[in-house]
Amino acid sequence: MKGGFYEGYFENGFRNVKGRYIFDSGDMYSLKLAEKIYSVMVATPWTRHWLPTRMHKFSKFADILAKMEALPNVVVRLSSDSINGDIIAGNTTSTIIPTISHKRPDMLACEAYERNGKCGACRACWDKDVKVVAYVAHGQKMLKQVKNL
């Protein structure tokens, strides 16, 4: 796996990483990028990958997302567009809730908002058995939107 995209990934110590999330803000903007991400996932079976994405809304991404999801070391979390806790269909999904009081029993609330955005020891997002992760709204722009609900 030499050259360009992969070389940089592996040279920067990726071989020793046990858990990795792909994008904490943003998404796959093309199938070419999705294929590159998939190649890294396949090439790093020792690393657990978590990919939150809204690209599930576009049929052209269906095949690559299914391939990613089939890997034992990958969780593809289909992200809802909701900022009020609406849940979408899927094996592993995520949504945003305005405050922790909006958490429902069928959700696992991400507690990173209590730790300055850090996961700590939690690895729920990487767990295929966790169906829905709810992220408490954070950041000035999001808090402004939530305030208007």
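This tour moves through a predicted model, stopping at a pair of helices and then at a cavity.

Begin by selecting helix 2, residues 31-43, together with helix 3, residues 62-70, whose axes come within 10 Å of each other and cross at roughly 15°. Because angles under 35 degrees count as roughly parallel, helix 2 is roughly parallel to helix 3. If you turn the view to look through one helix at the other, the crossing of helix 2 past helix 3 is left-handed.

Next, show the side chains where the two helices meet: on helix 2, select L31, A34, E35, I37, Y38 and M41, which are in contact with I64, K67 and M68 of helix 3. Colouring this contact by residue class gives seven nonpolar and two charged residues, with no polar ones.

Now leave the helix pair and turn to the interior space, where the structure holds one cavity of 30 Å³ or more. The largest cavity contains about 60 Å³ of space, and to display its lining you can select C110, E111, A112, R115, C119, C122, A124, C125 and W126. Which classes make up the lining of the largest cavity? Seven of the lining residues are nonpolar and two are charged, while none is polar; E111 and R115, both in the lining, are the charged ones, since Glu and Arg count as charged.

Key
Residues numbered from 1 in each chain as written. Predicted model: local features only at pLDDT ≥ 70, side-chain atom pairs only at ≥ 80, totals over all residues. Heavy atoms only, no water. 1 Å grid on protein atoms, 1.4 Å probe; cavity = no way out; pocket = protein on both sides within 12 Å on 5 of 7 lines; lining within 4 Å. Points joined across faces, edges and corners; volume = space filled by probe spheres on them. Axes fitted to C-alpha atoms, helices over the stretch in contact; angles between N-to-C directions. Helix = DSSP H or I, 4+ residues; strand = E, 2+ residues; numbered from the N terminus. Parallel < 35°, antiparallel > 145°, perpendicular 65-115°, else oblique. Left-handed = near helix turned anticlockwise from the far one by under 90°. Contact = heavy atoms within 4.5 Å.
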